[in-house]
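Subject: Structure handover

Hello,

Here is the structure I promised to pass on. Please open it first, then read the notes below.

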Amino acid sequence: MFRYIVRRLLQMVLTFFGATFIVYALMFANQGDPIQVLAGERPVSDALRAELTARYHLDKPFIVQYGYYMRGMLTGDFGESLTGRSIAEMMAQAWPVTAKLALMALIFAVLFGVTAGVVAGIRRSGIFDHVTLIVTLILLSIPIVVLAPMARLLFGVKLRWVPATAGAEPNLWALLVPALILGSLAMATQLRVTRASVAENLRADYIRTARAKGLKRNRVIGVHLLRNSLIPVVTLIGVDLGGLMSGAIITERAFNIPGVGSNLFRGIQTEDGPLVVGFVSMLVIIFLMANLIVDVLYAVLDPRIRYE
Amino acid sequence: MSDVESVAAAERVDEPSGPSGGRHAAKRAKAAKPRSLAADAWRDLRRNWVFWVSAALVLVIVVIAVFPGLFVDNDGKDCALSRQYGRPEGGAIFGFNFQGCDIYARAIYGAQPSILVGVGATLISAVIGAFFGMTSGYFGGWVDAVLSRMVDIVLAIPLLLAAIVFAKGLNPTREGTGIGTVVIVLGVLNWTTAARVMRSSVIAAKSQDFVAAARMLGAGPGRIMFRHILPNSVAPFIVVLTILLGINIATEAALSFLGVGLNPNQVSWGGDISHAAIRVQEAATPLVVPSAFLALTVLSFIMLGDAVRDAFDPRLR
């Protein structure tokens, strides 16, 4: 178990450096003259140019600049955006909203997806099974680019059940529809995986033994079947978190929620390289850590994995 | 549906023998003759209404993309602010959007970049995925380990974030990116599932006897891979590609929605959705029409891929 965790940790570190290097390279290797970008329209005097070059290590080779950036990141200093604000501070401000949104979406996805998946898996070919299959197929196919604005149109503008714009400090009610939309894709995949896993496990020998022993149905399903069927779902939650982060950008843009996603989007539009790199790097860290936790959890639940 | 068919097939083969006469015996002999996987899959597909519906939709959409002139007269760029939010008239069956452009024409002409990006990106993903999957599966060992690490790095950044960073990085000018850049970006980021599927097929095929026989006859790795292993690994790979096509179209729309996709001068579904979504309190039709087109396109590709995958799945036979 210990070796497994160490191996996963090393993989995570390697992947983290690889991913952040790619992001950094793409944002900065193509930049024209960063000092001029900073100054905007105004001319830059030679003295100012020299000072900025020294401060931001612009005369050093690219790999050294990357080294400075990584050192800063590992000590928590993500630098400043082109507007002068500290990126870490912008992140701290935008983070609670997105965290609320993502958490609601994840809870919805896991609660509905897993429960409905278990029911559908037990009663295969029933009416519930067919209905959920069709609903999930539609949810999987319709892109979030369509779902989010249409949901806002339907629930926010036409029916007026929820406020059409979230506002600066959105409460849970305003975040409800965005969270449902954001979690819909994750719910659909989790439902399908749970359903397949439950259906496969129902035919297993240990379930047959449990039933032959005369165990009550609730115990067979609730204790034995569930424990083994939910294993793949746990790994899927880690992957879904990445999907939630991607989807959050679109959902926040469609519903006007001031979170990490819309800040990132604004950074992209204003060509704010440091902001984009900082936010994306932070999201990559979160994603990798979540996957590490999920992988360890997987190893705890399924001892076969520890020897892989 | 396939379960019922396989049960029916089993019942047919198990008919009681006896002095039934030539016809029954011939029918039994025909039913008992082993069919190849492709023929079985085609038989399953033929009876699946989902396959026919989605195939028809895909055909219609491809025709719209290749021959937009058949469906509408103007190219959607003929806009006049005087016609802002105008009612439907003449060929503009859905009316006009906030700029006075024909909504229907823009929806028709928007199919072309979406399908082009989808097909192009999927082809690139197919090539990269096939290459990585085959080498990783065939050679195993440290080659496999290195390639798996590369897959991890590509997967570490969630798709949309990576696409945004790539698109901005490869084309830092403000005018948005061309179709070519978007195709390359999506192709380079989306090959992992295809590679994984190819890898598992190759690993399964590698242990077969005919591969050992080929190697004993002196075939080199290249010949074995292309002539023997590839034809046997192709079926699940194609299925993944069909679904990948739908995903690429959806992701391109997402990129255009965020403004980092195609050039804003290009007519695209994502761009139209983006502009209409902000102004949804003024009019709903400019949002609903491109959304419906996009949703139907992606839905039909994914349904097609699903139907094909169910037909090829040996567990359901």
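Let me start at one spot in a loop. A:Asn256 sits between H11 and H12 of chain A, in the loop that links the two. This is a predicted model, so please read everything below in that light. The backbone at A:Asn256 is worth a look: phi is positive, about 65°, yet the residue is not a glycine. Is A:Asn256 buried or exposed? Neither label fits: A:Asn256 counts as partly exposed, because it has 17 C-beta neighbours inside 10 Å, and buried would need 20 or more while exposed would need 12 or fewer.

A second residue in chain A belongs with it. A:Ser125 also has a positive phi, near 65°, and is not a glycine. Its place is the loop between helix H5 (87-122) and H6 of chain A. A:Ser125 has 11 C-beta neighbours inside 10 Å, so it counts as exposed.

Now chain A as a whole.

- The chain has 13 helices and 0 strands. Read from the N terminus, every element in the run is α.
- Its C-alpha atoms fill a box of roughly 85 × 55 × 30 Å along the principal axes.
- There are 308 residues, and 38% of them count as buried.
- Take the contacts in chain A between residues at least 6 apart in sequence. Of these, 74% join residues at least 24 apart.

Chain B next.

- Chain B has 13 helices and 0 strands. Its elements, too, run as α from the N terminus on.
- It has 317 residues, of which 41% count as buried.
- For contacts in chain B between residues at least 6 apart in sequence, 71% join residues at least 24 apart.

One helix of chain B deserves a stop. How many buried residues does helix H10 (residues 209-216) of chain B have among its 8 residues? The count is 0, and the helix is hardly covered. After H10(B) comes B:Gly218, with a positive phi near 100°.

Then there is the place where the chains touch. In the model, 39 residues of chain A are in contact with 38 residues of chain B. Which elements of chain A give two or more residues to that side? They are helix H1 (2-28), helix H6 (127-141), helix H7 (144-158), helix H11 (231-255), helix H12 (260-269) and helix H13 (273-301). By type, the residues on this side of chain A divide into 27 nonpolar, 10 polar and 2 charged. The two loops described above come back here: A:Asn256 lies between H11 and H12, and both of those helices are on the list. A:Ser125 lies in the loop that leads from H5 to H6, and H6 is listed as well.

Last, confidence. The model scores ipTM 0.79 and pTM 0.80. Chain B averages a pLDDT of 78, and 84% of its residues score at least 70. Where does pLDDT stay under 50 in chain B? One stretch is residues 1-22, for which the model has 18 contacts beyond four places in sequence. Another is residues 26-30, with 2 such contacts. Please keep both stretches in mind when you look at the start of chain B.

Best wishes

Conventions: Residues are numbered from 1 along each chain as its sequence is written. Chains are lettered from A and ligands numbered from 1 in the order in which they are written. This is a predicted model: local features need pLDDT of at least 70, side-chain atom pairs count only at pLDDT 80 or more; totals for chains, interfaces and linings use all residues. Two residues are in contact if their C-beta atoms, placed from the backbone, lie within 7 Å. Helices (H or I, at least four residues) and strands (E, at least two) are DSSP runs, numbered from the N terminus. Ala, Val, Leu, Ile, Met, Phe, Trp, Tyr, Cys and Pro count as nonpolar, Asp, Glu, Lys and Arg as charged, and the others, Gly among them, as polar. pLDDT is the predictor's confidence in each residue, from 0 to 100.
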